[in-house]
Amino acid sequence: MTSPSLALADTTTMLRRDVRHAVRFPMVTISGLLVPVLFLLLFDGVFGHALRAGLGSAVSGGYIDYVLPGILVMTAASVAESTALGVNADMGEGIIARFRTMAIWRPSVLAGPVTGSVVRTLITGAAVCLFGLVLGFSPNADALDWLAAIGLYALLGMALSWLTVAFGLLAKTPAGANSLSLILLVLPFVSSAFAPTATMPAGVRAFAEYQPFSSIIDTFRSLLIGTPMGHHGLVAVAWCAGIALVGFVWAVKLYNRDSPVVA
Amino acid sequence: MQNHIRQPTPRERVPRLAIDAVGLSKAFGNQAALTGLDLAVPEASVTALIGPNGSGKTTTVRILATLMAPDAGRATVFGHDVVAEPEAVRAAIGVTGQFSAVDKILTGRENLALMARLHHMPRAVAKERIARNLERFELAEAADRPVTTYSGGMRRRLDLAMTLMGEPRIVFLDEPTTGLDPRGRQVLWRIVRDLVADGVTILLTTQYLEEADRLADRVALIDRGALVAEGTPSELKKRAPGGRIRLHFAEDDALAAAVLEFNGAKLSEDGLSLELARDGSVAGIRQVLDRLERLGINVESLSAQPPDLDDVFFSLTGSRHEPSTASSSEVA
């Protein structure tokens, strides 16, 4: 079998394993939905009025229109966090040692869970969107915008998942994997997720403007509620591709650290 | 003139080596696990790796299974270097380790199907092989239950069934029967014998010297990370001093008197015979009988037992083999 088809076949096999696990333990997927739903209720229902007042005329709709793209990005981070936990727990299982002794495409052991994580991200993101609609989210995206948003969302899911898989491999315990992934849930707070970066103090603003989540969130905002796109789209795609690549290389390196040869 | 009688090549005269390891060394921090281990395993045979705890058995298996690189030395599996050609090695091997390498969330059948897919076998072959392995390992009934519901023995059987799905040319079994009940052990021994009959090479590590004795064609004894003795079980036993003389008594009084006379002798489980750590030479037997005669103790019968692997183990490593001592009652 040629190596690209081997890679595809083995990744598909590992994805099947991951999906079976997800189906037998649906709580993992459901808990990934819990954090974003909670944040959506909190930021829309509790802080929404005050925050909307601060936005002024920057956006036309309600605060939920502004905040939902940010919550979507946090959803992807939340799902990726559960993936880190899953991979960390899985690595302790004897079956991983078995996979290491088999003539398979080695990264498939990680690419399976990452692909599964992307699928869970899309499903959870869709659920958050639906919940947002119930709360009054009113997107003005056309079909092409939605398609682009879904594409970017899958790319974001892949980037965060490869990164958190590396976290999961790096951490010695599930608790450690959890703490490392927490950074992805905290970072959006210092971004354009909840308030425009222009309203922040100078030092914070510089960080918030240039950190990856802001461009990604602004791109979703532009696609879903029609704020100006500017250069955000390209920057967002570049960030996602970069994070995915770094996460992949790092994760595979960590996976191979106990073994002599990558091959 | 052409030579019509072809000379056999060395390869045909000497059995091919499935494993050829020379000077393997491995240290973890400043803890040396292997200190120049040599190991040769002929094809289509069972070789047992025995040694005290921490002697390097598992490290050896891990290096040969491409899970770990040696610090020094080299090893080949069917001619493929474990460091330079891990993929070729992996294609030839199957590994069942000490810790169960099964997916607990999946069912038994799903675990086997997972292996079938990773070996990229056609669907029909996979189906046939899954059914055959479920049957062979007495798992057919539990096939569609998640592994979480399996007993320890069932998990171990599934583990080996998964290893065999790819029909490996060589199987590494790291303590395959530890924790198995006697029946589970029998099933495993039977399977190992079947595999060897089919031409598969087996390298097993075991804590049970009795197991090595019964199952292995060759035994490699390692201590402190190096090979100290290698040969067939009977070759090794010939090299060891020791052995036992067993005395059977008809009367309790005679037995009691003998217990007093022979300090340190071991009373058998049934309480009817006495075991002396003496070699079974004629002179040794005569000496024992003379002592009994002098004291007027009637001995009904006597049997001499040659040294067993435990004696070999003791004489070469200087330590008694704990698990084997514990199981010696069930052997006797």
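## A first walk through the two-chain model

Student: In chain B, among contacts between residues at least 6 apart in sequence, what percentage join residues at least 24 apart?
Tutor: Start with the word contact: two residues are in contact if their C-beta atoms, placed from the backbone, lie within 7 Å. Keep just the chain B pairs at least 6 apart in sequence, then ask which of those join residues at least 24 apart, and the share is 71%.

Student: What should I know about the ground rules, and what pTM does the model score?
Tutor: This is a predicted model, where local features need pLDDT of at least 70 and side-chain atom pairs count only at pLDDT 80 or more, while totals for chains, interfaces and linings use all residues. Residues are numbered from 1 along each chain as its sequence is written, with chains lettered from A and ligands numbered from 1 in the order in which they are written. Alongside an ipTM of 0.86, the model has a pTM of 0.81.

Student: Where in chain B is confidence lowest?
Tutor: pLDDT is the predictor's confidence in each residue, from 0 to 100, and chain B averages 85. Helices (H or I, at least four residues) and strands (E, at least two) are DSSP runs, numbered from the N terminus. Confidence peaks in helix α4 of chain B, at 97, while the low point, at a mean of 39, is helix α13 (residues 322-331) of chain B.

Student: How many contacts does the stretch 323-332 of chain B have beyond near neighbours in sequence?
Tutor: Its pLDDT is below 50. Even so, the model gives this stretch some contacts beyond near neighbours, and the number is 11.

Student: Which helix of chain A gives the most to the largest nonpolar core?
Tutor: A nonpolar core is a set of buried Ala, Val, Leu, Ile, Met, Phe, Trp, Tyr and Cys residues joined through C-beta atoms within 7 Å; buried means 20 or more other C-beta atoms lie within 10 Å of a residue's own. This one has 61 residues, and V73(A), A159(A) and W162(A) touch the most other members. Several helices of chain A supply at least two residues each, including α2, α6 and α7. With 16 residues, the top giver is α4(A).

Student: Which helix supplies the largest share of the side of chain A that touches chain B?
Tutor: The contact takes 22 residues from chain A and 25 residues from chain B. On the chain A side, α1 (3-24) and α5 (94-100) each supply at least two residues. The largest share, seven residues, comes from α1(A).

Note on methods
A residue is buried if 20 or more other C-beta atoms lie within 10 Å of its own, exposed if 12 or fewer, and partly exposed in between; C-beta atoms are placed from the backbone.
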